[in-house]
Amino acid sequence: MIVRKILLYILVLAGCAAYALPNVNQHRKKHTHNNERIVLRHADNLRFSEYEMNKAQRLSGNVILAHAGMVMHCDSAVLNDDSQTFDAFGRVRIVQGDTLTLKGDKLHYDGSTQMAEMRKNVVMTHRNQIMRTDSLNYDRMYNVGYYFEGGELIDGKNHLTSDWGEYHTDTRKATFNYNVELKNPKFKLITDTLHYNTITKWAEIVGKSNIYSGQDRIYTEHGFYNTVSEKVRLYKGTKAFGKDRIMQGDTVYYDKKTGVMEGLGNVSCEDTKNKNILTGGYARYNELTGEAMATKRALARDYSQGKDTLYVHADTLRMFSYNLKTDSVYRVLHGYFHARAFRTDMQMVADSLVFSSRTKKVTLYRDPIVWSDNKQIVGEEINAYMNDSTLDSIYVDRQALTIERVDSTHFNQVASQQMRTYFDTQGEVKENRAIGNVMVVNYPLEKDSTILYQNYVETAQARMFMRNRKLYKIWAPASHGYFYPIGLAPADRTKLPGFAWFDYIRPLSPDDVFNWRGKKEGTTLKPSIRREAPLQKL
């Protein structure tokens with residue numbers, strides 16, 4: 001008796017606990033099954049026999065079946081009431097609400113899982129989106145339709161095709177895999193995997209992909225593309241190919257309408273027609289104006305002058321293009337600050353510089369220095385003119401000083417207010433012209449390359465002619481010349497005012513242009529005062 005009471009007490013407690021806890025199975029059933037049964041709304045003909053076709057009802061003529069908010073129309077159907085499934089044939093059409101329609105030639109529908117399997121000539125329409133295929137499964141429980149034997153999605157002007165694809169009617173997002181192609185009157189995109197949002201029109205690209213638009217092509221392995229605004233965000237292995245240009249970077253942003261392209265991380269922008277490359281940790285390029293900018297280890301390389309390449313570095317490099325739509329297009333490069341340049345026959349250092357591909361001229365500002373072989377040139381402003389493969393001439397304005405190293409202790413020097421140096425086709429100095437307060441220090445070499453004496457000259461202007469790296473003629477209108485045995489000249493006539501040998505600053509290689517080394521204290525030039533003509537007052 002006591003045992004029976006104990007058992008009864010346990011059963012009562014278990015029943016209370018079961019009543020108090022949420023019905024997990026019932027909750028799951030609500031999401032995975034539907035309690036509503038398939039309803040036959042109409043059929044011109046109905047045939048049923050419990051001994052035939054597993055008690056299935058055979059329906060024909062304007063058949064209408066309904067289930068859980070879905071209405072199906074067809075020519076004929078077989079309805080199994082026990083398993084809550086049916087097969088429909090001929091002009092099959094499913095309507096769900098006022099936004100979703102699914103058409104095909106054949107359908108199998110499972111009411112317990114709410115899975116519709118449509119076959120042959122399938123068309124699913126949801127709002128403005130149309131999906132076409134030959135085999136499509138639509139999961140009403142998760143609001144997703146997918147094909148697996150090839151199909152297409154039409155979204156306005158966007159036409160997507162792939163081997164496998166799915167479309168979510170609740171989020172209006174689609175995913176496509178294998179041989180994916182997205183076409184639009186403005187572009188074509190080919191990729192392996194694509195996620196597409198029909199609301200925002202953003203397409204996410206995954207895998208090796210190409211975007212074609214006119215003459216432009218973009219390659220990437222991961223990125224986003226907006227089919228309406230034509231904006232692009234690319235994050236892996238990106239290269240953009242345009243007319244006569246190639247841009248690449250770890251991350252690239254591009255706006256087709258504005259023509260602006262930005263790159264972050266290992267960025268390069270190459271002009272294949274004019275043969276120059278702009279690189280840096282950050283770069284910006286406008287294809288409509290031809291303007292480009294680079295920072296963070298910015299480097300410009302110009303290989304338009306033959307086999308030798310000019311390397312230019314500065315904190316910021318900006319390039320401007322002129323006459324873009326003509327045959328006379330040219331570029332102007334601005335570099336600031338800590339500008340350094342290297343070419344085999346010439347090296348340069350300055351606070352800032354400007355290079356024009358039309359005039360082949362480099363202008364250096366604020367404490368500039370130019371080296372060529374064993375020669376060094378300083379001044380307040382230096383202009384270097386280049387030929388296809390060699391240096392043509394150098395013009396120095398204000399406080400010009402040319403130094404040629406003879407040996408470790410002797411230096412030929414020319415100082416003046418303005419100076420122009422001309423080079424031959426081999427890159428050797430052939431003539432040096434100096435104007436204004438000219439001072440010359442020269443150490444002639446004997447045949448055995450020894451130095452026995454020194455010349456010192458002061459004049460208003462001078463022309464010095466070189467042959468085989470030796471001074472063989474000098475011209476001056478009126479001058480004061482002095483001759484000193486070696487080692488006996490006064491100190492101020494051995495080294496001219498402002499003399500300094502800046503070999504510790506000179507760029508030694510293309511990579512060395514990134515290493516800024518400033519002048520030692522006391523060796524910087526003090527800009528001369530340039531007075532303006534007084535204005536007349538009436």
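Student: In this predicted model, which residues are linked in a network of salt bridges?
Tutor: D216, R245, K256 and E287 form that network.

Student: How many salt bridges does the count come to?
Tutor: The count comes to 21 salt bridges.

Student: What makes R37 and D81 a salt bridge?
Tutor: The closest N and O atoms of R37 and D81 are 3.3 Å apart. The cut-off is 4 Å between a side-chain nitrogen of Lys or Arg and a carboxyl oxygen of Asp or Glu, so the pair qualifies.

Student: Where in the chain do R37 and D81 lie?
Tutor: R37 is in the loop between α2 (24-32) and β1 (39-42), and D81 is in the loop between β4 (70-80) and β5 (85-96). They are 44 residues apart, and the pair links distant parts of the chain.

Student: Why is R37 called partly exposed?
Tutor: R37 has a relative accessible area of 44%. Buried means under 20% and exposed means over 50%, so R37 falls in between. D81, at 29% relative accessibility, also counts as partly exposed.

Student: How do you know that R132 and E152 meet in a salt bridge?
Tutor: The N to O distance between the side chains of R132 and E152 is 3.7 Å. That is within 4 Å, therefore the pair counts as a salt bridge.

Student: Why is the R132 and E152 pair said to tie parts together?
Tutor: R132 lies in strand β8 (residues 129-139) and E152 in strand β10 (residues 151-155), so the pair ties together parts that are 20 residues apart in sequence.

Student: Are R132 and E152 buried or partly exposed, and what decides it?
Tutor: E152 has a relative accessible area of 19%, which is under 20%, so E152 is buried. R132 has 38%, between the 20% and 50% limits, so R132 is partly exposed.

Student: What makes K183 and E181 a salt bridge?
Tutor: Their side chains meet at 3.2 Å, N to O, and this is within 4 Å, so the pair satisfies the rule. K183 is partly exposed with a relative accessible area of 40%, and E181 is partly exposed with 22%.

Student: Why does E166 have no salt bridge with K173?
Tutor: K173 is the nearest side chain of opposite charge to E166, and K173 is 11 Å away. A salt bridge needs N and O within 4 Å, so this pair does not count. E166 is nevertheless buried.

Student: Where is E166, and which residues does it touch?
Tutor: E166 is in strand β12 (residues 164-168). Not counting residues up to four places away in sequence, E166 touches M131, V144, G145, Y146, K173, A174 and T175.

Student: What makes the E166 and H168 pair a polar contact?
Tutor: The side chains of E166 and H168 are joined at 2.9 Å, and the cut-off is 3.5 Å, so the distance satisfies it.

Student: Which residues make the nonpolar surface patch, and why can Y235 belong to it?
Tutor: Y235, Y253 and L264 make a patch of about 240 Å². Patch residues need over 30% relative accessible area, and Y235 has 32%, so Y235 passes that cut-off. Y235 is in strand β17 (residues 231-236).

Student: Why is K275 called partly exposed?
Tutor: K275 has a relative accessible area of 38%, between 20% and 50%, so K275 is partly exposed. K275 is in the loop between β21 (260-271) and β22 (276-286). Leaving aside neighbours within four places in sequence, K275 is in contact with R301, D302, Y303 and S304.

Methods: Residues are numbered from 1 along each chain as its sequence is written. This is a predicted model: local features need pLDDT of at least 70, side-chain atom pairs count only at pLDDT 80 or more; totals for chains, interfaces and linings use all residues. Side-chain values use heavy atoms; hydrogens and water are left out. Helices (H or I, at least four residues) and strands (E, at least two) are DSSP runs, numbered from the N terminus. Buried means under 20% relative accessible area, exposed over 50%, partly exposed in between (1.4 Å probe, protein chains only). Lys and Arg count as positive and Asp and Glu as negative; His and the chain ends are not counted. A polar contact is a pair of N or O atoms within 3.5 Å; within protein, one must be able to donate a hydrogen and the other to accept it, and residues adjacent in sequence count only if both atoms are side-chain atoms. Contact means heavy atoms within 4.5 Å. Patches are made of residues with over 30% relative accessible area and no salt bridge: like charges are joined within 9 Å, nonpolar side chains (Val, Leu, Ile, Met, Phe, Trp, Tyr) within 5 Å. Accessible areas come from the Shrake-Rupley method with a 1.4 Å probe; for residues, only the protein chains shown count as cover.
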